[in-house]
Amino acid sequence: MIRFRQKQRSFTFERGFRLERGLALAFAIAASTAGLTAASAQTIPTIRVGWTVPAEDAKYWMMKRPQEFPNLGKKYNVEWVQFQGTAQMVQAMAAGALDCSTQGVLSLAQGAASAGLQTYIVAQHVGEKAPESFSVYWAVKDDSPIKSVKDFKGKTIGLNVLGTGIWGPLAIALKKNGIDPDKDVKLVEAAFPTQEDAIRTGRLDVGVLNQPFAARAEAKGGLRKVFAISEEIPDIVHILEACSKTFVDKNPELAALYVQDLTAGMGKALANRDETLKIVTEIFKAPVAVFDPFYFKTRASSDAPLGSADFARDPGAAANYDGIQKMFKLYYDVGMLPKQLDVKDFKHAKIFAPLKP
Amino acid sequence: MVLRRFLPALPPLLAFAGILAIWELLSLYFGLDGLPPPSVALRQVPVILTDPQSLFDIVDSLRRMAIGIVLALVFAIPVGLWMGRSRFAAAFFNPLLSVIYPVPKAALMPIIMLWLGVGDASKILVIFLGVTLPLIYHSYQGSRAVEEKLLWSAAAMGMQPPARLARIVLPAALPEILVGCRTALVLGLITMVTSEMIARQTGIGNLVFQSLEMGIYDTVYAMIVIIGALGFILDVLFERLRGWLVGWAEPAQSIIVGST
Amino acid sequence: MNTRSSTLAYGLLGALPIVGLLALWQAIHLSGIAPPALLPSPAAVFLRFFQQLGDASFLQNVGVTLYRLFVGFFVAAVVGIAAGVVATGSKLFASFLLPLVRVLAPVPKIALYPAFTLTLGYDDASKIALVIADALFPILLATYQGTSAVEPKLAWSARAAGVSPLRTLFTVVLPAALPSVMTGCRIGLVISCIVVFLAEMITSTNGLGHLLMRAARNFQTVDMFVPLIAISILGLLLNSAFNALRRHLLRGFPEEK
C-alpha cells in the first residue's frame, strides 16, 4: 500500500537527517545525564540499608534528622532504599545489593536455612509485650457466626503475605483446635490496608489487622477480634535489624557506627513523641491523625481495645535473643522452617544494640 | 461567534467530566476506603504538586524514563527494521523475543539486582524492556511493508544494505514506527512506575506504592490523576512531533464514511 | 525453493539464541557468581517443570492462568479494534474517545488493582479486568492509527457502491489496516501475559503467578522458576500461533509474499 506521495522528492534526505540529528541530540542528553548521576562518587564509606513500612523509628530519625547524629554524614553515610517487604530484602542481601535491612524473624530464619544467608541481628525495632502492647489480631464482622479459632474451619482467612511470621501462632492455634492449617482453611494474601475493607465487604471471612490499620478499623467500628497473636506467643519479636555477616566482618567499625546511631535513634524517638510523629508523617505523607491515636501508647487495661496501643520498643533497641530463639523453635515445630537454628549464630561478639560510642 | 471557537474543546471536556462523574458514582455505590471519590482525591493534587520532595521524585522518574526510552529507540528501531527486511534476522530474533517479553520483570528482580544493584540501572532496564516491545514489533511491521521497488532502485543506484536501511526503509516505515512510539510512550510511563514497585528510593512509583502500602488512597488516586495528566501532555507533544515528521504520509483527506 | 526444509532451517535459526540463553544461564550457575538460592541450574528447573506437567493441581493452575489471559485478551481485542475503527469513521466519536485514551492509557493500572480486587473479588474477574485495562490501549492505538492511514479512495468507492458506513468500516477499512492491527494485537497479547502473571503474584489464590509467590516465600527457588519458564514457553507457543494466524489473515498483502 502506497503510504506517501511521490512528489516529495528530497524528503528522504531532509527528513532523514532531521530525524537522525534529533536522535543524536536526545541520546547525548540522556547519556550526559546518566553520566552526571554516576559521577557523584562517594568519598566516605557508605552502608546500603533497606527499609519498609512502618515502625522503624530509629531509622526514620536517621533519615529525616541526620544532623542529630554526629557521625552520620561525616564519618559514614547511609544509602536508604525502600522495599516492598522483608522477603525482597532477604533476596537483596543474598544478592549482595544490601548491607543491612529491616527483617522479620521468620524471613531472616528462612533466608539462613534455605538461602544460606548469614546475618547478624544487631538491633530490634518492635515486638509485643502482653498485655500492655498491641498484638496483631484477626477480626470478623460483628454479625459473623465465627466466635473463635474453632470456627475457622473451611473459612477464607486473610494474611498480609503468605508465609509471614504472624502466620506461625495462628497455625499453632488452628492445630490445637484440630484444624489442618494447610488444608482446612483458604488463605488469601492481601496487603494490610485492604484487609479491613475485605472483611466488611465479605471478601474475607476473617482478616488480619496491624497498626495503624487496626486503630482506623476500631475507630470506624463494626469488627470483632477473634484471635490475637499474644494468645499463643506472649512476647513475639516483630521487626529487627540484620546486617550481612560478610559486611560486618569486613567493616566492623562501620557496622559499629551504624548500630550506635540505631541505639541513639531509638532513645531520641521514644523521648520526643511529637517530633517522632512529625517525622513519621513526613516519611509516609499521611496525616498525623493516622498515627496519633496509638503511637507509643500502652493499653490502659487488658480490656482496653488493642487498637489503642502500639507495639513495644526497647529503649536501647536491644534484641530479645531468647524470644527469637523461642520463635525459631516454634517455626520449626510448625513446619515453616526446614531446620533448627541457633540464635547464637546470629549474635556478633561485640556489635549489637544497645551500643554506646 | 465566541461559542463556536470553543466548540472543538467541548467533547474532551465532556469526556473528562463523564469519567469524573462515573468515578464519583462508583465510589459512592461501593463506599470503600479503597475507592475514594474524586472530590476527596483531587484535593490532594495541589498538595502533592507543591511539595518540593514530590516534584523532585516526579522529575527523577521522568529522567529514568527518558534514558530508558532513548536507549530503547537506539536499540529497538534498527533491530526491528532489520528484522523486517531480512528473513534471517526475523527468524533469529522472533523466538528469542517471544521467550523474554512475557516474563514479568518483577519476578526477575533478585537476579537483576545481582548485577545492577537496587539503584537506577535496574529500573532503567525494566523501562527499556517495556518500551522496546512496541518499538520492535511496529518497526518490524513498518519495515516489512516498504515497497520492494524502492529498495531495488536504491540498490541499482549502488546503495549498500545498511545505507538502504537508514535512507529508504527508515523514512518509509516511519509512520508505522511512530505508531510504535506512541504505544512506547504509554508503556514507558507505566513501566516507569512499576519499575519502582519492589525497591525504590525516589520516584513517582515511590509516591504511589508508599501511599498504597499505607492505605492512603486519596494520595494514590491523586497520583493517578497526575500521571494521567502527564501522559496526556506527553501525548499531545508527541502528536505534534509526529505531524512534523510524517505529515507527508497522511492522506490529504481523512476517511469519510458517514456524516459524523 | 523447498519450503519445508527452509522452514526447518529458519526454525533451527530461531532456536539458536534461546539455546544460547540457556547455555549462559547454565554457565552463570556453574561459575557460582549467583548464589544457588537465587539462581538454580536450568537442568533442575526443566526437570521439575516436566515433573509438574504430570501433576493435576499444577495443570489446574496453568489452566486458570490461561483462561484469565485469553478472556482478557479477547475482550480487549474486540473492544480495542471496534473502538479504533469507529473512531476513524466518526469524528464525533473520536473527539470523545481520543482525550479519554490519552489520559487513561499512561496510568499504571496496577495502582487500580486493589480497587478491582475489592469490587470484583480475589478471583478471575479482577485479573481479567486488569488484563483488559492494560491490553486495550496498545490495540486501540494501533487500530486507530492503522485505519486512519488507509487509502481513503477505498472507503469512498465502497460508499459510492452503496455500502453502509458501518459495513464500509468493518469490511473495507479494517481489513486494509490489518497489518497494523495485528501488530497491535501481538503487543496486546504479550502485555496480557505479563499482567495476568503480575496480578496473580500480587493477590490470588491460584494461578501460575500465585505458585511463583508461594515458592518464593518458602525460598524454594526451583519451584519459583518453573512458572517463569512456563510463561516463557507459553510466549513461544503463542508467537508461533500468532505467526500462523497472521499468514492466514494477511494473504494477498504484498509484504506477505
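User: Happy to be looking at this one! Which residues of chain B does UniProt give to the feature "domain: ABC transmembrane type-1"?

Analyst: Welcome! The model shown here is predicted, while this feature comes from an unreviewed UniProt entry. Over the stretch in question, chain B is 86% helix and 1% strand, and its end C-alpha atoms are 19 Å apart. The record places the feature at residues 58-238.

User: How many helices and strands are there in chain C?

Analyst: Read from the N terminus on, the elements of chain C run α-α-α-α-α-α-α-α-α-α-α. Chain C therefore has no strand in that order, since strands are DSSP runs of E with at least two residues, and the count is 11 helices and 0 strands.

User: What share of the residues of chain C count as buried?

Analyst: The C-alpha trace of chain C spans about 70 × 60 × 35 Å along its principal axes. Chain C exposes about 10,400 Å², with carbon and sulfur atoms supplying 71% of it. To count as buried, a residue must have under 20% relative accessible area. Of the 257 residues of chain C, the buried share is 58%.

User: Which elements give two or more residues to the nonpolar patch?

Analyst: The patch lies on the surface and is formed by Leu10(B), Leu14(B), Leu92(C) and Phe96(C), with about 350 Å² of accessible area together. The elements that each give two or more residues are helix H2 (10-30) of chain B and helix H4 (91-104) of chain C.

User: Is Phe96(C) buried, exposed or partly exposed?

Analyst: Phe96(C) sits in helix H4 of chain C. Its relative accessibility is 30%. Buried means under 20% and exposed means over 50%, so Phe96(C) counts as partly exposed.

User: Which cysteines does the disulfide join?

Analyst: A search of the whole structure finds 1 disulfide over all chains. The pair links distant parts of chain A, with one cysteine in strand E3 (residues 100-103) and the other in strand E10 (residues 237-244), 143 residues apart. Both cysteines are buried, and the link is right-handed, with 105° about the S-S bond. At an S to S distance of 2.1 Å, the partners are Cys100(A) and Cys243(A).

User: Why does Cys193(C) have no bond to the closest cysteine sulfur?

Analyst: Cys193(C) is buried, with a relative accessible area of 2%. A disulfide needs sulfur atoms within 2.5 Å. The closest cysteine sulfur, in Cys185(C), is too far for a bond, because its distance from the sulfur of Cys193(C) is 13 Å.

Definitions and conventions
Residues numbered from 1 in each chain as written. Chains lettered and ligands numbered in written order. Predicted model: local features only at pLDDT ≥ 70, side-chain atom pairs only at ≥ 80, totals over all residues. Heavy atoms only, no water. Patch = residues over 30% accessible without salt bridge, like charges linked within 9 Å, V, L, I, M, F, W, Y side chains within 5 Å. Areas by Shrake-Rupley, 256 points an atom, 1.4 Å probe, with all protein chains shown as cover. Salt bridge = Lys/Arg side-chain N within 4 Å of Asp/Glu carboxyl O. Helix = DSSP H or I, 4+ residues; strand = E, 2+ residues; numbered from the N terminus. Buried < 20%, exposed > 50% of the residue type's maximum accessible area, 1.4 Å probe, protein only. UniProt positions renumbered as here; feature names shortened; annotations may be inferred.
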